[in-house]
Amino acid sequence: MKKIVYSFLLFIISIHSAFAQINRDSILELQQVEILSANQKSVIPAQILKGEQLQSLNSYSVADAIRFFSGVQIKDYGGTGGLKTVDVRGMGSQHVGVFYDGIQLGNAQNGIVDLGKFSLDDLESISLYNGQKSNIFQSAKDYSTASSIYLQSKKPIFKENKSVNAFLSYKLGSIQLINPSVRVEYKINNQLSAVLSTEYIKTNGVYKYRYKRYFRNGKIAYDTVLKRRDGQVDAKRVELSLFGKGNNSNWNVKGYLYNSDRGIPAAIVRNQFDTRGQTLQDKDYFLQGTYERRIKNFQSKINAKFAYDFTHYIDTISSYKTNNRYTQREFYISWSNLYSINKDWDVNLSIDHQYNNMDADLGNFSYPTRNTNLVALASTYRFGKVNVQGSLLGTFVKDKVEKNTASPDKNIWTPTFIATYKPFQDQDFELKGFYKRVFRMPTFNDLYYTNIGYANLKPEYTTQYDLGFSYTKTFDGFLKSIKLSTDAYYNEVKDKIVAIPSGNMFRWTMMNLGRTKMKGIDVKFNTKFTLGNVDFFTMINYSYLEAINVTNSKDSYYKNQISYTPKNSGSFVLNSTWKTWNFNYSFIYVGERYNVHMDNIKKNRLNPWFTNDLGLQKMFQLNNKTLKISLELNNILNQQYDVVLNYPMPGRQFKLILNIDL
């Protein structure tokens with residue numbers, strides 16, 4: 001730990017010295033940090049939550065906030081300590097790329113990012129792109145996922161004659177939650193600033209829930225109130241960032257440390273209501289940086305990252321006892337180059353290299369190493385009312401193992417095409433659509449997990465088609481604006497990777513047996529209006545998704561809805577502001593779904609669930625310092641529900657939050 005911190009400080013000092021010398025030698029004039037993005041144009045807009053709107057959503061983590069995007073399903077395995085993953089349009093969690101400050105959060109072991117690890121306190125915005133981010137000035141990695149979530153941390157902003165900003169936050173809540181955080185911004189000089197952000201989370205994870213089950217004849221088997229245990233969390237997060245700027249250039253470096261010790265809530269099965277014994281210890285570190293520069297019509301960007309992830313998983317309650325340690329290392333570097341041929345035509349070439357390896361204390365483990373090279377060529381052209389974008393991604397993967405058999409090399413090219421059309425000059429109405437083909441390389445667990453992995457697995461291929469429109473209108477009366485966006489889509493996943501039992505229930509094998517088709521509609525509607533001195537904002541999202549298994553027409557479950565995918569889901573948000581008061585109401589609905597896709601029968605049906613949340617905030621000014629007090633009530637109707645079968649979620653909860661800007 002000390003060596004990592006020491007190395008990081010040396011790296012920061014060397015970067016600072018180098019750029020200081022560059023600025024002295026060149027006598028560079030200070031420019032705005034955002035200058036590099038001034039001429040970049042998006043073809044298809046994203047779903048975005050940012051600023052005060054993001055902070056007022058009664059959301060505790062990134063996973064909670066993302067629920068308000070259309071087309072998104074969250075799998076939550078219970079309580080604060082439970083794993084939280086995201087699925088977009090039914091294609092699976094491994095097809096969602098999560099990017100933190102423009103660089104992907106990786107997990108070569110299982111391909112899943114636990115969004116419950118990330119707090120909202122240090123984020124400026126969260127964006128969701130279906131297909132891909134339509135700004136082509138990006139790394140090749142950005143082109144490689146079926147959908148992308150971008151987490152953008154806050155950048156320091158200093159008022160005149162002020163060189164230090166400090167933000168203190170303290171949360172108290174149900175389930176014995178305490179959550180203090182501190183963020184300090186320091187202006188070193190006009191070209192350089194630093195940010196230190198720390199957070200501590202502790203909860204005992206104990207909450208009440210109602211357990212109600214029926215016999216097959218309809219009579220009640222169990223109906224009782226119990227306490228959910230084993231969801232304790234003790235987690236620390238530390239981030240240290242440097243932001244530099246010069247003449248037509250920006251750079252930043254971020255160091256990230258996350259340590260946690262948490263219990264994993266067990267499934268409530270076989271009448272065992274108080275089982276304990278599953279714990280997960282995480283030690284995640286990464287150091288990443290970005291440098292951008294513009295020279296007339298040419299822009300260049302370099303991203304680099306080193307990550308080290310350690311996981312210790314203990315399970316003493318299941319028949320197959322587990323006490324395993326896993327270590328992952330990742331090195332990543334990317335070089336992106338954008339050239340503007342003219343004001344309407346841009347071309348980008350990106351080259352990435354990523355190295356991953358993994359160790360585990362499993363018997364006969366393969367100790368895999370993976371080298372991935374990516375090359376992306378993309379172009380955007382704007383002519384009149386039409387914008388078009390095309391890209392071609394080449395992915396070249398080579399695995400090596402110390403034991404057993406390595407997966408064959410992969411050399412795959414995948415295209416994307418995006419277009420928008422604005423038919424009316426005086427109306428903000430736009431038609432949009434895209435086609436994208438992409439593949440998912442099997443994870444280390446899929447290929448090399450002892451007695452389960454299968455080295456000859458094929459990649460999963462996804463094909464996406466999307467067609468929609470957006471309309472925005474502003475007004476001068478009490479109604480300020482409306483915005484409507486609708487998308488109809490059709491997706492296919494081929495060679496879907498699934499686990500099947502081999503011999504007994506404790507020995508499984510990964511196979512390419514699945515093929516699924518998804519079709520659906522996403523609708524988003526926003527309004528802003530004013531009544532008297534009160535400003536209102538509303539947001540409505542609705543999603544319809546039919547995601548069916550089409551692996552084999554002879555199977556009894558052919559064309560059944562895939563597991564945990566509701567056909568209907570949606571959300572509603574009402575936010576109002578009056579002077580120094582802010583009120584927020586949010587509603588989330590998830591329709592019926594099935595816990596297995598093998599049989600869409602009543603026995604496997606999960607009831608719809610919904611939650612209602614309220615939030616109230618008051619701002620105070622005390623000696624040029626801002627104080628904000630917030631009260632949040634979550635699940636105010638005490639709805640009893642499972643997102644994942646047999647993982648009951650908390651009922652009614654509250655949080656009291658104190659924020660101070662110094």
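1. Of the 662 residues of the protein chain, 50% count as buried; buried means under 20% relative accessible area, exposed over 50%, and partly exposed in between, with a 1.4 Å probe and protein chains only. This is a predicted model, in which local features need pLDDT of at least 70, side-chain atom pairs count only at pLDDT 80 or more, and totals for chains, interfaces and linings use all residues. Residues are numbered from 1 along each chain as its sequence is written, and side-chain values use heavy atoms, with hydrogens and water left out.

2. The secondary structure of the protein chain comes to four helices and 33 strands. Helices (H or I, at least four residues) and strands (E, at least two) are DSSP runs, numbered from the N terminus. Among contacts between residues at least 6 apart in sequence, 63% join residues at least 24 apart; contact means heavy atoms within 4.5 Å.

3. One open sheet has five strands in the order β1-β6-β7-β4-β5, and its pairing is mixed. The edges are held by β1 (47-50) and β5 (103-104), each with a single partner strand, so one side of each has no neighbour in the sheet. Two strands pair if DSSP finds at least two bridges between them. Strands of a sheet pair through backbone hydrogen bonds, either parallel or antiparallel. Between β1 and β6 (residues 123-130) the sense is antiparallel, over four bridges, and L49 stands opposite I126 in β6.

4. S127 also belongs to strand β6. S127 has a relative accessible area of 9%, so it counts as buried. Leaving aside neighbours within four places in sequence, S127 is in contact with A46, Q47, I48, S148, I149 and Y150. Q152 lies 25 residues from S127 in sequence, and their C-alpha atoms are 8.4 Å apart in space.

5. The largest nonpolar core has 47 residues, and those with the most contacts inside it are V62, I66, V86, I126 and L151. Helix α3 gives the largest share of this core, four residues. A nonpolar core is a set of buried Ala, Val, Leu, Ile, Met, Phe, Trp, Tyr and Cys residues joined through side-chain atoms within 4.5 Å. Beyond its neighbours within four places in sequence, L151 is in contact with V62, V98, F99, Y100, D101, F118, L123, S125 and I126. Apart from the largest core lies another, of 18 residues, among them A108, L362, L457 and I497.

6. Which side chain of opposite charge is nearest to R67? It is D64, 4.3 Å away, and R67 is buried yet has no salt bridge. A salt bridge is a side-chain nitrogen of Lys or Arg within 4 Å of a carboxyl oxygen of Asp or Glu. For charge, Lys and Arg count as positive and Asp and Glu as negative, while His and the chain ends are not counted. The side chain of R67 does reach the backbone oxygen of D64, at 3.2 Å. R67 lies in the loop between α3 (62-66) and β2 (72-76). Not counting residues up to four places away in sequence, R67 touches I74, I588, W609 and D613.

7. I588 is on the covered face of strand β28 (residues 581-590), with N582, N584, S586 and V590, while W581, F583, Y585, F587 and Y589 are on the uncovered face. In a regular strand the side chains alternate between the two faces of the sheet. Strand β28 pairs in the antiparallel sense with β27 (residues 568-578) over 10 bridges, and V590 is the bridge partner of S569. The hairpin of β27 and β28 has two residues between the strands, and K579 in the turn has a positive phi of about 55 degrees. Strand β28 also pairs antiparallel with β31 (residues 609-622), over 10 bridges, where V590 stands opposite W609.

8. Strand β22 (residues 428-440) likewise has two antiparallel pairings: with β21 (residues 410-421) over six bridges, and with β23 (residues 460-474) over 13 bridges. A hairpin through six residues joins β21 to β22. T420 has K432 as its bridge partner, and K436 stands opposite Q464.

9. E185 is found in strand β9 (residues 177-189). Its relative accessibility is 4%, so E185 counts as buried. The side chains of E185 and R183 make a polar contact (2.9 Å). A polar contact is a pair of N or O atoms within 3.5 Å; within protein, one must be able to donate a hydrogen and the other to accept it, and residues adjacent in sequence count only if both atoms are side-chain atoms. Not counting residues up to four places away in sequence, E185 touches ten residues' worth of neighbours listed here in part, including K155, F158, N165 and V195.
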